[in-house]
Amino acid sequence: MSTRNTSPQPTTPTFAELGVAAEICEALADDGIHHTFAIQELTLPLALDGKDLIGQARTGMGKTLGFGVPLLDRVFDDADIAELDGTPRALVIVPTRELAIQVGDDVHRAARHTPVRTLTIYGGSSIEKQITQLERGVDVVIGTPGRVLDLYKRGNLQLNQVAICVLDEADEMLDLGFLPDIERIFQALQPATHKSPERPSTSGGRIQTLLFSATMPGEIKALTRKFQHKPIHIHAEDPSAGATHTGTRQVVFQAHQLDKLAVVSRILQNPGREQAVVFTRTKRSAAFLANDLAKLGFRVAAVHGDLNQGQREKALRALRSGTVDVLIATDVAARGIDIDSITHVINYHLPDDAMTFVHRIGRTGRAGKTGTAVSLVGLEELAKWRVINDELGLAQPNPPEWFSTSPELAAAFELPADLNNEVGPPTTVIGVDPDKHRGPRKKSKR
């Protein structure tokens, strides 16, 4: 579960002060959430009033509740939207399965004291179960583009009564090639008949659209012009602010490939570490690193493309519950993890571009907390690092060269002098088949 907004925000209004329904405020209070963050404070009054919005903020700034709370409030208690009858009144579209699960959980928790029924749909899970749930009645659907279109084309997902549509992480939709699917979904959203018998709709049958994105490339701007009605563009912070969180400490240094395991094992023993995510470039390297760290005694889970959805969900549940405190991941997980106790992100391999770098390290320093982002730059990655450094203005074009035994590494992470790479007896990796990635078996001579 996400525990955003738990830090006191005395300078911002509470959700109740902004007019959010008491039942939703009660659910948020159950999780220690009372005051808003900047993106929520700015979006809530407008979204509650039915306005179209473009919300622009970096990852980890509280966008989910920024759209989830007004969406639920309007579906639950807005006279301009027809009473709930089990036909979806709101649709939230997200780019990845992991993010769908996270957003779905947040929205479901916020709705738990209301009659609003939510459903999360995505590929890789049983479509038959999702069809059954839709037949029983659903008021808010959170889903990935492919599965939303699939269920719509089958006739199981009705979109003609949707009054509110949210597009979350729009720039990631673009990166993953989902924009054609998004256009098809928007075209299927026929004007909803959300007039009550007593009070005519103030929106004239128009669907409210809320679009959230960290960046606004040209294709996304074109999408807003095509499907939004006079949208209000909201920046939750100074538009000239850097792409990375100010609360995230950046530690960047050159590391030799053969020494990286020892380096990571020592960083993970930083006294201030709670949970950590380590990003690798390939599925194979993720599996190997997870197994190697488990042999050193770390409690490890892995998420990468070789795993089925059930294995991925098991790994992420283990991280959220605290069963493990280290997650090894490829970029499949870069936008699907929203856990406030992640204090460290380690780039075991650098990503291919600056925006992926931003999304990776955005897993820490979330919701007003501090975090540490570590980048181990291999000798062959120096050119790639300089491109990332220049684009993000990190002012570290020539990172120092450190080894696992370097005093600089020990000082940066407050490590004791007598540190050992092993922290305990070997453990079992959650999310990895132990028989895979061991290399080819020898053939029998028989």
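Buried here means under 20% relative accessible area, exposed means over 50%, and partly exposed is what falls in between (1.4 Å probe, protein chains only). With that in hand, Glu414 counts as exposed, because its relative accessible area is 58%.

A word on what you're looking at: this is a predicted model, where local features need pLDDT of at least 70, side-chain atom pairs count only at pLDDT 80 or more, and totals for chains, interfaces and linings use all residues. Residues are numbered from 1 along each chain as its sequence is written, and side-chain values use heavy atoms, with hydrogens and water left out.

## The overall picture

The protein has 15 helices and 13 strands; these are DSSP runs numbered from the N terminus, with helices being H or I of at least four residues and strands being E of at least two. Of its 446 residues, 57% are buried. Contact means heavy atoms within 4.5 Å, and among contacts between residues at least 6 apart in sequence, 77% join residues at least 24 apart.

## The seven-stranded sheet

Strands of a sheet pair through backbone hydrogen bonds, either parallel or antiparallel. In this model, two strands are called paired if DSSP finds at least two bridges between them. One open sheet has seven strands with parallel pairing, in the order β3-β4-β2-β5-β6-β1-β7. β3 (118–121) and β7 stand at its edges with a single partner strand each, so one side of each has no neighbour in the sheet. The twist from one strand to the next averages 15°; for angles, axes are lines fitted to C-alpha atoms (for helices, over the stretch in contact), and values run from 0 to 180 degrees between N-to-C directions.

Further in, β5 (residues 164–167) runs parallel to β6, joined by four bridges. Cys165 has Thr209 as its bridge partner in β6. Helix α9 (residues 218–227) lies across β1, β5 and β6, at about 170° to β6.

Now for helix α2 (residues 38–48), whose buried residues are Ile39, Gln40, Thr43, Leu44, Ala47 and Leu48. Seen down the helix axis, these residues fall within an arc of 115°, so they line one face of α2; the arc is that of the directions from the helix axis to the C-beta atoms. Their cover includes β1 (53–56), α3 (63–77), β6 (208–213) and β7 (232–235). After α2 comes Gly50, with a positive phi near 85°.

## The six-stranded sheet

The other open sheet described here has six strands, again with parallel pairing, and its order is β8-β13-β12-β9-β11-β10. β8 (248–254) and β10 (300–303) are the edge strands, each pairing on one side only. Neighbouring strands are turned by 15° against each other on average, direction ignored. Seven bridges pair β8 with β13 (residues 371–377) in the parallel sense, and Val252 has Ser375 as its bridge partner in β13.

Two helices pack on this sheet. Helix α12 (residues 309–321) touches β9 (275–279), β10, β11 (326–329) and β12 (342–347), and its direction makes about 140° with that of β10. Helix α13 (residues 354–361) touches β8, β9, β12 and β13, with its direction at about 150° to that of β12.

## The largest pocket

On a 1 Å grid over the protein atoms alone, a pocket is an open set of points with protein on both sides within 12 Å along at least five of seven lines, and lining residues have an atom within 4 Å of a point. Grid points are joined across faces, edges and corners, and a volume is the space filled by probe spheres set on the points. The largest pocket comes to about 400 Å³. It has 17 lining residues, and those closest to its centre are Ile101, Leu119, Thr120, Tyr122 and Glu313. α4 (97–110), β3, α5 (127–136) and α12 each give two or more residues to the lining.

## Two glutamates and an alanine

Two glutamates have positive phi values without being glycine. Here they are side by side:

| Residue | Phi | Place | Relative accessibility |
|---|---|---|---|
| Glu169 | near 55° | loop between β5 and α7 (170–175) | 5%, buried |
| Glu414 | about 55° | segment after α15 | 58%, exposed |

Ala417 also lies in the segment after α15 (407–412), and counts as exposed at 89% relative accessibility. Its C-alpha atom is separated by 9.3 Å from that of Thr405, twelve residues apart along the chain.

Key: 1 Å grid on protein atoms, 1.4 Å probe; cavity = no way out; pocket = protein on both sides within 12 Å on 5 of 7 lines; lining within 4 Å.
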